[in-house]
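Biologist: I should like to understand the reasons behind the terms used for this protein. May I put some questions to you?

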Amino acid sequence: WAKNKAAMSAKAISEQTGKEFLYKYICTSAAVQNRFRYANVTTETDFDRLAQEHPWLLTERLVVKPDQLIKRRGKLGLVGVNLDLNGVREWLKPRLMKETMVGKAKGILKNFLIEPFVPHKQEEEFYVCIYATREGDYVLFHHEGGVDVGDVDAKAKKLLIGVDEKISEDSVKKELLTHVPNDKKAVLANFIVGLFNLYEDLFFTYLEINPLVVTKDGIYVLDMAAKIDATADYICKAKWGDVEFPPPFGREAYPEEAYIADLDAKSGASLKLTLLNPRGRIWTMVAGGGASVVYSDTICDLGGVNELANYGEYSGAPSEQQTYDYAKTILSLMTREKHPDGKVLIIGGSIANFTNVAATFKGIVRAIRDYQVPLKEHEVTIFVRRGGPNYQEGLRVMGEVGKTTGIPIHVFGTETHMTAIVGMALGHRPIPNQPPVAAHTANFLLNSSGSTSTPVSSRTASFSENRARVEASPAKKAKSGAPIVSVCNSFPFRVAKATTLFSKHTKSIVWGMQTRAVQGMLDFDYVCSRDEPSVAAMVYPFTGDHKQKFYWGHKEILLPVYKNMSDAMKKHPDVDVLINFASLRSAFDSTMETMQYPQVNATIWKFTPLPSSLRASLKVSQSLDQQLLVGGIKPGCFKIGNTGGMLDNILASKLYRPGSVAYVSRSGGMSNELNNIISRTTDGVFEGVAIGGDRYPGSVFTDHVLRYQDTPGVKMIVVLGEIGGTEEYKICQAIKQGRITKPVVCWCIGTCATMFSSEVQFGHAGACANQASETAVAKNQALKDAGAYVPKSFDELGEIIKSVYDDLVAKGVIQPAEEVPPPTVPMDYSWARELGLIRKPASFMTSICDERGQELIYAGMPITEVFKSEIGLGGTLGLLWFQRRLPRYACQFIEMCLMVTADHGPAVSGAHNTIVCARAGKDLISSLTSGLLTIGDRFGGALDAAAKQFSKAFDSGMLPMEFVNKMKKDGKLIMGIGHRVKSINNPDMRVQILKDFVKQHFPSTQLLDYALDVEKITTSKKPNLILNVDGFIGVAFVDLLRTCGGFTRDEADEFVEIGALNGIFVLGRSMGFIGHYLDQKRLKQGLYRHPWDDISYVLPEHMSM
């Protein structure tokens, strides 16, 4: 999966960072002066050292100003001009680390920038700004720059550079520089072209220089403000380096924010935290980017803006450990200072698509248990509202922890409006004593009728319409390539010929190996009684063409998977939709490739935060009848990926058949909530799409609202907009001009933004107002004035929808039809097991290692503890082989055994085999295996046998002489006794080294002493019948297991019996075999052939004649 991150694109950078980028990478023939001549000052700055690093500070007149994203510094008296270095220090004294008001924001001045002072005339000051819009990038220029520039939007000359167009010096001179003196036109035009190219190459979204000074010496960039598209990090990392994004002035950068940002960067999930007021009493922990904005809105709408402590979200199926880390950070912050009225924690969220709510709640429950004492001391009350897979179990667990800890925890599910808990938490609405309990997730999927067949009839018309009438005239698919434009009252609106994007015949290709999403689509198709699956094929470039198994109801089917998009398109000409799960590095290319095929009329991105300029390029490339979305559902016909959630939510929200209400939303995550609200207040959803929270989405609200207006089955329209952009104004215009006549219920989220003292970047890249008209408050008012139905807050959205729907029913516009139960779909085995509905014996059992959690665990010891304890390789082997934390001397002994058994030259059978195999051109694994296969009783496998023979003799009370005589009588060799080369007169130093260590550190060596007594007897007969290294390790290991205190006698004997000791030789000698393999490869030795003269050919006489 691509990272499920909200695309927070436009992020402000410091003036110093912006100028560093400009000085490094601008390509212009204009003489840009004072390159890299800036110095940063903080409380830690040593001015003597600063002067050594920047000698010009002692020779130039200087300018000093705060570099903390503060606008209009000159007007606020925050710029020191024409000073020497001592003057700068004096100017800083009353300002550095002092609290200052800038507009509504109160903050501390702590970061300043010193630059050379540039003497110049007023007429040498200019203003230039470049910023991104949906249709391209605007270059603004005004011939009078400086602090008194005024309203540049009204004054400045503008030049629009369309997406994928190039800027030229001629167009700059012609459109922007009409009031500039002739002697400065050429240099300014060249600089502006270079600046624009820099802006594009480094993925800026905003770049303003005021003033830009042009003198006879060249160009000076005096003051600069800039934002870059953070989602382009994977493209620009080499040039950007590690960019720091400073917080807006008035909001401190807290270590907890950095901690969560670090968790987010390391995770596939999305974890965000912004502290607004750490002393506030209202804290939130919200799942989902869109939902987090809605909760903040509602808190502010109900008067809690001054007490709102934080903004943030967790989403994208975080693990239990990640949720725990996020939750404990919130709980730690909120239990540092007491509040006289106590505190509230709102754990909210919309209905999840695929996140197991119970699993994520486990992490929150762990954190609540850990912080139960401070939570009670601070009088914290917790309100929980959540929906999605297994949410009922999650709510039950959350309720239980409230009872066991004594913390007041109120839990609610999808039966409660999403933001109702905010009113309860703030005392604006009563808390129900016993909220309704929804059925278990499984109940929706169990077949109550006992039938496994699919109903023959398939209802695809609107729930309120006569089916026969609609099916008599099915909507024809729009012909590709034709320009589709309709003009109404001189205002152009794009209208698709086919008024619905999807039908029951829609076929799609899924880019990416997203088997779970595809299975969800097939299950949806099945309950909608489609004749065949909506997914025709998958494209996955990292494997060859093959088939992938899925379920169609009770049956197993195979879907083709192609390596190339072109093959998939050729073999499936009926496909008209691409669902793109590509990662950010391949999403752009794969979507551009898809647009070459006119058969595709809709492309859907899933979870891919593309840079805005690339999205704009996609928008320009698409044909007029192609739509770009991030999610959508057409009940009874087609759903995109995970949209609508799992099957229980599909059934609960009645998404298996169409209703009368169509919606369009920016937020994909909020789509499920709209499905839930609409299903509870009306006859259900006719169609719903999510266009995405990007600043420049692939399609806009009016694309879909006008389709709904022209679709007979749609009787009313719901629009969920948000702060940022101006697309909602086109809906206003269409309503006023009569192009839209159906009732439109509208609400723009993000109303809280105007109440915050400092800027907050919400979860979506587009959720940021660049001007007053883009605020949610302004857009809601404009929609209301135009005639749309606008609630007072999101809290009342359901009530407004119900009111409009009831009115349409009363007028006879909507005639609700009788419900028809959908066919049942069997529950997936894996999901049923996750829900705890079934059990099955495991195929494997393991007791030594667990990789499922946040970190690897060896026999109960986390891997971090393994390294922290410095137990070494011997200690690790003790954990994995013996499930024990062995004493230090035991760990050292194991490591010594591995060292002395690592190799014994190339002549032994194992090394010989490895060498022959390596010289035959085989790979490392084959060569190593060839050597290992020689290990047995005759070579290297004597450790276990020696341990068993000596232990049995010793334990039976047999004297060493009796043992030797018995083995001779039985005709058996004593394993571990004897060596081809070494003898009593030429001792094996390996054995001597081990013997010295064992005698010094082992608490008892009874079996070793017994074996040494046996050696005295055997060497008296023949000097090379010594206790060899295999025998020594075998008997010493038995002493270790029996006397180290970690094992019972039975356990020690069992490890000998199951072959653990031979493992020491195998592991140690593997190092040597690998060494011989590498040695032969390094020496480039050829194929080995044994010489004839070393082979005795003994054939029968009649064969040799």
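Modeller: pLDDT is the predictor's confidence in each residue, from 0 to 100. This is a predicted model, and the mean pLDDT of the protein is 86, with 88% of its residues reaching 70 or more.

Biologist: Over which residues does pLDDT stay under 50?

Modeller: Residues 1-8 are one such stretch, and the model has 44 contacts beyond four places in sequence for them. Residues 439-497 are another, with 127 contacts of that kind. Where pLDDT is low, the predicted coordinates should not be read in detail.

Biologist: What makes β30 and β34 edge strands?

Modeller: The sheet is open and has 6 strands, in the order β30-β29-β32-β31-β33-β34, with mixed pairing. β30 (638-639) and β34 (744-749) each pair on one side only, and they are therefore its edge strands.

Biologist: How do you know that β31 and β33 pair?

Modeller: Two strands pair if there are at least two bridges between them. Strand β31 (residues 661-665) and strand β33 (residues 716-722) are joined by 5 bridges, so they satisfy the condition, and they run parallel. Within β33, Val718 is the bridge partner of Tyr663.

Biologist: At what angle does helix α24 run to β34?

Modeller: Helix α24 (residues 776-786) lies across β33 and β34, and its angle to β34 is about 170 degrees.

Biologist: What makes β35 and β36 count as a pair?

Modeller: The cut-off is at least two bridges. β35 and strand β36 (residues 857-858) have 2 bridges, so they meet the cut-off, and they run antiparallel. In β36, Ile857 is the bridge partner of Asp850. These strands belong to an open sheet of 3 strands in the order β35-β36-β37, with antiparallel pairing. Its edge strands are β35 (849-850) and β37 (861-862), each of which pairs on one side only.

Biologist: Why are α31 and α38 called oblique to each other?

Modeller: Helix α31 (residues 924-932) and helix α38 (residues 1060-1082) pack at about 130 degrees, with axes 10 Å apart. Angles over 145 count as roughly antiparallel and 65 to 115 as roughly perpendicular, while angles under 35 count as roughly parallel. The angle of α31 and α38 falls in none of these ranges, so the two helices are oblique.

Biologist: Which residues meet where α31 and α38 pack?

Modeller: Leu924, Ser927, Leu928, Gly931 and Leu932 of α31 meet Val1066, Ser1070, Phe1073, Ile1074 and Tyr1077 of α38. By class, this contact has 7 nonpolar, 3 polar and no charged residues. The crossing of α31 and α38 is right-handed.

Biologist: Why is α28 described as oblique to α38?

Modeller: Helix α28 (residues 872-882) packs against α38 at an angle of about 135 degrees, with the axes 12 Å apart. That makes α28 oblique to α38, because the angle is neither over 145 nor within 65 to 115 nor under 35. Leu877, Trp881 and Phe882 in α28 meet Ala1060, Gly1063, Ile1064 and Leu1067 in α38. The contact of α28 with α38 has 6 nonpolar, 1 polar and no charged residues.

Biologist: What makes one residue in the contact of α36 with α38 count as charged?

Modeller: In this contact, Asp1030, Gly1034, Phe1037 and Val1038 of α36 meet Leu1061, Ile1064 and Phe1065 of α38. The classes are 5 nonpolar, 1 polar and 1 charged. Asp counts as charged, so Asp1030 is the charged residue.

Technical notes:
Residues are numbered from 1 along each chain as its sequence is written. This is a predicted model: local features need pLDDT of at least 70, side-chain atom pairs count only at pLDDT 80 or more; totals for chains, interfaces and linings use all residues. Side-chain values use heavy atoms; hydrogens and water are left out. Helices (H or I, at least four residues) and strands (E, at least two) are DSSP runs, numbered from the N terminus. Contact means heavy atoms within 4.5 Å. Axes are lines fitted to C-alpha atoms, for helices over the stretch in contact, and angles run from 0 to 180 degrees between N-to-C directions. A crossing is left-handed if the near helix is turned anticlockwise from the far one by less than a right angle, and right-handed if clockwise.
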